[in-house]
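User: I should like to understand how the descriptive terms applied to a structure are justified. May I put some questions to you about the one shown here?

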Amino acid sequence: MSVATNQSSKLGTPFTLPCGLTVPNRIAKAAMSEQLADPRVNVANAGHFRLYERWSQGGIGLSLTGNVIVDRRFLESARNVACEPGVDTAADFKEYARAVKGRDGSCVAIVQLGHAGRQTSPTVPNAELLSASDVQLLVDGRATPLFRRPRAMTLDEIHDVTRRFAHAAAVMQAAGFDGVELHAAHGYLISQFLSPLSNRRDDAYGGSPQNRRQLLLEVLRAVRAATGPRFVVGVKLNSADFQRGGFSEEESLEVVSAMAAEPGLVDFVEVSGGSYESAAMMDGAGVTEERRAVVKQREAFFLDFA
């Protein structure tokens with residue numbers, strides 16, 4: 001049964017993103033971690049293709065894939081799809097792009113790109129974890145053997161991450177995708193740089209809010225330079241990480257303002273919140289009963305911030 005897209009309703013009306021691409025309606029499928037890839041190769045397969053073709057048949061206007069990781073050493077799940085320089089090319093993703101677009105090609109296809117950093121899955125064989133700083137991830141306030149203490153990234157490693165995001169975006173464009181979304185939320189690597197709790201650097205990438213958002217801005221500029229002005233570039237951003245002394249709503253708004261200050265840099269922002277340490281969007285921690293009732297009624301946890 002198709003999603004109702006009656007043109008007399010707001011949901012059914014098209015809208016045009018700043019880059020010039022028009023989305024046929026206002027119904028989107030958000031990114032979910034499919035965990036369907038063979039962990040030996042981390043490429044999209046027939047399972048992905050069937051899934052996204054089925055979703056497109058529902059009439060959605062825009063579909064976001066799950067996390068495609070830019071470095072196989074730092075997967076969110078061992079079954080993630082990955083895209084690395086010198087390994088993966090556009091040919092590896094053409095069928096994926098066709099599936100996400102749907103049989104009639106009408107669905108806008110966006111790939112979510114990410115890097116797990118210190119939240120790399122414990123099922124991924126890895127000598128060490130990397131993050132903004134060597135700050136241990138805590139679950140329920142305690143260290144866990146599931147996530148080892150990371151090592152603070154060197155400047156060369158930070159610059160390598162930027163190159164990897166740009167490479168992956170260019171590959172997706174060549175494969176036929178309409179755009180990419182950078183995962184800068186939920187405690188993954190870019191989010192780790194944004195948060196003062198996980199970023200305790202004293203160089204150009206740490207300290208002040210301006211420095212902590214530097215990696216995100218550099219990645220965005222590199223992605224835009226690699227893909228040009230007509231490619232969709234979005235960001236998934238925490239409204240807050242819901243931790244005392246952490247990334248706040250005020251800082252999140254400053255990040256949005258910084259992105260908006262550079263014309264043509266970003267086409268959309270997806271608002272989210274929380275991390276492995278405080279997944280408030282799932283457990284509702286610290287939410288008032290009044291707010292909980294509104295969330296239940298509107299099914300939109302981050303509506304007020306948006």
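User: What phi does Gly-102 take, and where does this residue lie relative to H2?

Analyst: In this predicted model, Gly-102 comes just after H2 and takes a positive phi of about 90°.

User: Which residues of H2 are buried, and what covers them?

Analyst: The buried residues of H2 are Tyr-96, Ala-97, Ala-99, Val-100 and Lys-101. Their cover includes H1, strand S4 (62–64), strand S7 (108–114) and helix H3 (155–175).

User: Why is Tyr-96 called buried?

Analyst: The term requires a relative accessible area under 20%. Tyr-96 has 1%, and is therefore buried.

User: How many aromatic pairs does the structure hold, and what makes Tyr-52 and Tyr-96 an edge-to-face pair?

Analyst: A search of the whole structure finds five aromatic pairs. The ring centres of Tyr-52 and Tyr-96 are 5.7 Å apart, and a pair requires centres within 6.5 Å. The planes stand at 75°, and an angle over 60 degrees counts as edge-to-face, so both conditions are met.

User: Why is this pair said to tie parts of the chain together?

Analyst: Tyr-52 belongs to helix H1 (residues 46–56) and Tyr-96 to helix H2 (residues 94–101), so the pair joins parts that are 44 residues apart in sequence. Tyr-52 also counts as buried, because its relative accessibility is 1%.

User: How do you know that Phe-193 and Tyr-205 form an edge-to-face pair?

Analyst: Their ring centres are 6.5 Å apart, which satisfies the limit of within 6.5 Å, and their planes meet at 80°, which is over 60 degrees; the pair is therefore edge-to-face. Phe-193 lies in helix H4 (residues 189–194) and Tyr-205 in the loop between H4 and helix H5 (209–212), so this pair ties together parts twelve residues apart in sequence. Phe-193, at 0% relative accessibility, counts as buried, and Tyr-205, at 4%, is buried as well.

User: Which residues do ring pairs link into a cluster?

Analyst: The cluster consists of Phe-49, Tyr-52, Trp-55, Tyr-96 and Phe-177.

User: What makes the charged end of Lys-29 sit over the ring of Trp-55?

Analyst: The charged end of Lys-29 is 4.5 Å from the centre of the ring of Trp-55, and the distance limit for this term is within 6 Å. The charge is recorded as sitting over the ring.

User: Where does Ser-63 lie, and is it buried or exposed?

Analyst: Ser-63 lies in strand S4. With 1% relative accessibility against a limit of under 20%, Ser-63 counts as buried. Leaving aside neighbours within four places in sequence, its contacts include Lys-29, Tyr-52 and Val-100.

Notes:
Residues are numbered from 1 along each chain as its sequence is written. This is a predicted model: local features need pLDDT of at least 70, side-chain atom pairs count only at pLDDT 80 or more; totals for chains, interfaces and linings use all residues. Side-chain values use heavy atoms; hydrogens and water are left out. Rings of Phe, Tyr and Trp (its six-membered ring) pair if their centres lie within 6.5 Å; planes under 30 degrees apart count as stacked, over 60 as edge-to-face and the rest as tilted. Helices (H or I, at least four residues) and strands (E, at least two) are DSSP runs, numbered from the N terminus. Buried means under 20% relative accessible area, exposed over 50%, partly exposed in between (1.4 Å probe, protein chains only). A charge sits over a ring if NZ of Lys or CZ of Arg is within 6 Å of the ring centre and within 35 degrees of the ring normal. Contact means heavy atoms within 4.5 Å.
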